[in-house]
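Here is a friendly walk through one chain, written for someone who would like to look at the model while reading. Please keep the viewer open.

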Amino acid sequence: MTTGAPPPMRPARPRRSGPLRFLPLGIAAWLVLEIWLLTVVAGATSGLVVLLLLVGGLVLGSAVIKRAGRRAFQKLSEAVREQQSGVTPSRESGGGGALTMLGGLLLILPGLLSDVLGLVLLVPPVQKALGRYAERTFERKVREATPGGLGDAFQQARMHRPDGKVVQGEVIRDDEPPMRRTHPDDPQLPY
């Protein structure tokens with residue numbers, strides 16, 4: 001028996017794009033392939049060789065990530081020093097820090113395919129080509145974005161006052177008193 005109230009309507013979920021729809025299936029296939037390759041290598045050699053490969057990937061990946069993080073911190077420190085001294089920071093096109101860290105992360109992950117992919121990402125010409133491709137794709141997506149989307153958010157973040165000045169500020173509201181809990185055991189702090 002119903003009460004006459006219509007059933008609640010669920011809002012329609014936006015459909016995933018083609019590649020995102022198959023992402024969970026791709027990850028599962030990748031894991032199965034990694035496990036199968038590890039068993040094939042273990043059958044052809046021994047379990048000790050597979051263990052040494054996995055530990056070697058872990059050590060090498062950790063060293064790569066540590067080195068890339070140290071470089072990024074040095075670049076940040078240099079940029080801050082240059083800005084504090086009044087020198088315009090030089091923009092070097094030697095990036096690749098994120099791809100180096102991704103390569104190190106792939107080396108850390110257990111598996112042979114991830115190790116090969118991580119090693120390929122450590123090659124400088126590959127990093128440059130992937131960096132240029134990612135930059136072009138990102139710029140194209142921002143240009144093509146619809147209002148209210150990602151591109152609109154970036155456009156709003158770049159907005160300035162008509163005279164070109166950006167005013168930094170903080171809003172503090174004094175019209176509401178602060179909430180205080182009073183327990184007998186709480187120390188009383190002055191305002």
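A helix here is a DSSP run of at least four residues, and helices are numbered from the N terminus. With that in hand, one spot is easy to find: just after H3, Gly86 takes a positive phi of about 90°. Please bear in mind throughout that this is a predicted model.

**The chain as a whole**

The chain contains seven helices and zero strands. Read from the N terminus, its elements run α-α-α-α-α-α-α. Of its 191 residues, 12% are buried. The exposed area comes to about 16,600 Å², and carbon and sulfur atoms supply 65% of that. Among contacts between residues at least 6 apart in sequence, 51% join residues at least 24 apart.

**Two helices side by side in a table**

Both H3 and H6 can be compared with the span expected at 1.5 Å a residue.

| Helix | Residues | Number of residues | Span, first to last C-alpha | Expected span |
|---|---|---|---|---|
| H3 | 47–84 | 38 residues | 55 Å | 56 Å |
| H6 | 124–144 | 21 residues | 30 Å | 30 Å |

In each case the span is close to the expected one, as the values for H3 and for H6 show.

**Helix H3 and its cover**

Which residues of H3 are buried? They are Val50, Gly57, Gly61, Val64 and Ala68. The cover over the buried residues of H3 includes H2 and helix H4, which spans 97–108.

Two leucines of H3 are worth a look as well. Leu54 lies in this helix and is partly exposed, with a relative accessible area of 25%. Setting aside residues up to four places away in sequence, Leu54 touches Leu38, Pro110 and Gly111. Leu54 is also 54 residues from Ile108 in sequence, while their C-alpha atoms are 8.1 Å apart in space.

Leu60 is likewise a residue of H3. Its relative accessibility is 40%, so Leu60 counts as partly exposed. Outside its neighbours within four places in sequence, Leu60 is in contact with Leu107 and Leu119. Leu60 and Gly104 are 44 residues apart in sequence, with a C-alpha to C-alpha distance of 7.4 Å.

**A buried glutamate and a buried serine**

Next, please find Glu34 in helix H2, which covers residues 23–44. Is Glu34 buried or exposed? Glu34 counts as buried because its relative accessibility is 3%, and the cut-off for buried is under 20%. A polar atom of the Glu34 side chain lies 3.0 Å from the backbone nitrogen of Leu113. Beyond its neighbours within four places in sequence, Glu34 is in contact with Gly111, Leu112, Leu113 and Ser114.

That list leads on to Ser114, which sits in helix H5 (residues 112–121). Ser114 has a relative accessible area of 2%, so this residue is buried. What does the side chain of Ser114 reach at 3.4 Å? The partner is the backbone oxygen of Leu106. Apart from neighbours within four places in sequence, the contacts of Ser114 are Trp30, Glu34, Leu106, Leu107 and Leu109. Glu34 and Ser114 therefore pair a buried glutamate with a buried serine, and the two are in contact.

**The two sides of helix H6**

Helix H6 is a good one to rotate on screen. Its buried residues are Gln127, Thr137 and Val142. These three cover an arc of only 130° around the axis, which means that they are on the same side of H6. On the other side of H6, Pro125, Lys128, Arg136, Arg143 and Glu144 are exposed. To view both sides, turn the helix until Gln127, Thr137 and Val142 come into view, and then turn again to find the exposed residues, including Lys128 and Arg136.

Terms used
Residues numbered from 1 in each chain as written. Predicted model: local features only at pLDDT ≥ 70, side-chain atom pairs only at ≥ 80, totals over all residues. Heavy atoms only, no water. Buried < 20%, exposed > 50% of the residue type's maximum accessible area, 1.4 Å probe, protein only. Polar contact = N/O pair within 3.5 Å; in protein donor to acceptor, adjacent residues only side chain to side chain. Contact = heavy atoms within 4.5 Å. Expected span 1.5 Å × (residues − 1). Areas by Shrake-Rupley, 256 points an atom, 1.4 Å probe, with all protein chains shown as cover. Arc of directions from axis to C-beta.
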